[in-house]
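Q: Could you take me through one part of this model up close? I'd like to hear about the strands that pair up into a sheet, and about whatever sits around them.

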Amino acid sequence: MRAADLLPAGATRRRCLALGLGAAAAILPAASRAAPRRYALEPVPVAEGAWTIYGAAEPITAQNGGAIANVSILDTREGAVLIDAGPSHRYGEALEALARSLTGKPVARVFLTHLHADHSLGASAFAPETVWAGAWLQSDLKRFGNDLASGMYRVAGDWMRGTGVPAPAREAREGVEEVGERRFRLLRLAGHTAEDLCLFEERSGLLFAGDLVFLDRAPTTPDADLPRWRAALDTLAGVGHGRLVPGHGPTEAGRRGIDQTLAWLDMIDGRIASGFERGLDVTETMALPLPGWTEGVAVARYEYARSVMHLLPRIEGARLPLLDA
Ligand SMILES: [Zn+2]
């Protein structure tokens, strides 16, 4: 049986890859009935009145319920502001309760950074008029949201119960959004996906980079456009942030996350292109050794293998002459 046979009806392989689910994840058995079904959200302070809940440095599994991405909470006079909402309705509910207990206020806004399920589907627990997303993301959720959700049900099973498709009613535009005493500078970038929203909060100096930056956890590439991704990282490097909160991995001052993500993109690009030029097939390209520095990067081998599946066909399509040309 091919992996595609196990995908939800109506889900294309490409859309399942876009969920952040590789073929390997797509053929995992349905969620274990013994898995716990309660997300233990542990907020870590990243600035005054700001916390990040760090995702597990793992693939999405039935054990972690998809809680692999970073989600942040900021206190403001007008209420709590969330950056991303986690993978499921249940996660969104736990996040809402946590934000209320940390800030003493309800959630005023949820900003979604991008389409991937581990960041976006928890927004189904919030009223649409509370949820902000860029115009591309608003329309991509309408087009692909059902595939996203059904793919996640397949992998994370019961964790997903009650999860629908978020419908952000508010459009996040480039520019400054003031919420209470905080000023968020919104940057609509792209490269990890068709639209990646980054937010720089001026008061705290925090830069929320979404999945344009991964640190000590290998980047995912199902929807990547590498030249646009590199250009976006260049833009982020010029923001002048204090600390950077990546989509996955620890918060740090400086630009280690930006540099490591650039180095990763160059590394996979170079290896996959050289595999193609040497006439290697997918399996042989996947088996190429990775540089020593990637030993400190979680799920490096797993994500490299997925990237070969995503990117090698594109290189072949671009470079092989058409037979009827
Ligand atoms: Zn992502």
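A: Here is a walk through the six-strand sheet, followed by its surroundings and the other sheet.

Keep in mind that this is a predicted model. The sheet is an open one, with its six strands in the order 8-9-10-11-12-13 and mixed pairing. Its edges are strand 8 (175-179) and strand 13 (252-253), and each of these pairs on one side only.

Let's start from the strand 8 edge. Strand 8 runs antiparallel to strand 9 (residues 182-189), and five bridges join the two. You can follow the register residue by residue. Gly175 sits opposite Leu186 of strand 9. Further along, Glu178 has Arg183 in strand 9 as its bridge partner, and Val179 is partnered by Arg182 in strand 9. Then comes the turn: the hairpin of strand 8 and strand 9 has two residues between the strands, and Gly180 there takes a positive phi near 55 degrees.

Now step across to the next pair. Strand 9 and strand 10 are also joined in the antiparallel sense, over six bridges. If you want a spot to click on, Arg185 has Phe200 in strand 10 as its bridge partner. The hairpin of strand 9 and strand 10 has six residues between the strands, and in this hairpin Gly191 has a positive phi near 135 degrees.

What lies across these strands? Helix 6 does: it lies across strand 9, strand 10 (196-201) and strand 11 (206-214), and it runs at about 160 degrees to strand 11.

Helix 6 also leads us to a pocket. Helix 6 (226-237), helix 7 (256-277) and helix 9 (300-319) are the elements that give two or more residues to the lining of the second largest pocket. Helix 9 gives the most, with four residues. Among the lining residues are Leu226, Pro227, Arg230, Asp269, Ile272, Leu311, Arg314 and Arg319. Sorted by class, the lining has six nonpolar and five charged residues, with no polar ones. The space in this second largest pocket comes to about 200 Å³.

For a side-by-side look, turn to the other sheet. This open sheet has seven strands in the order 1-2-3-4-5-6-7, and its pairing is mixed. The edge strands here are strand 1 (43-47) and strand 7 (170-171), each pairing on one side only. Inside it, strand 2 (residues 50-53) and strand 3 (residues 71-76) run antiparallel and are joined by four bridges. Trp51 stands opposite Ile73 in strand 3.

This sheet has a helix across it too. Helix 3 (residues 89-103) lies across strand 1, strand 2, strand 3, strand 4 (79-83) and strand 5 (107-111), and its angle to strand 3 is about 35 degrees.

One last stop is helix 5. Helix 5 (residues 135-156) has a bend of about 65 degrees at Phe144. Just after helix 5 you'll find Gly157, with a positive phi of about 55 degrees.

Conventions:
Residues are numbered from 1 along each chain as its sequence is written. This is a predicted model: local features need pLDDT of at least 70, side-chain atom pairs count only at pLDDT 80 or more; totals for chains, interfaces and linings use all residues. Side-chain values use heavy atoms; hydrogens and water are left out. On a 1 Å grid over the protein atoms alone, a cavity is a set of points where a 1.4 Å probe fits but cannot get out, and a pocket is an open set with protein on both sides within 12 Å along at least five of seven lines; lining residues have an atom within 4 Å of a point. Grid points are joined across faces, edges and corners, and a volume is the space filled by probe spheres set on the points. Ala, Val, Leu, Ile, Met, Phe, Trp, Tyr, Cys and Pro count as nonpolar, Asp, Glu, Lys and Arg as charged, and the others, Gly among them, as polar. The bend at a residue is the angle between axes fitted to the seven residues ending there and the seven starting there. Two strands pair if DSSP finds at least two bridges between them. Contact means heavy atoms within 4.5 Å. Axes are lines fitted to C-alpha atoms, for helices over the stretch in contact, and angles run from 0 to 180 degrees between N-to-C directions.
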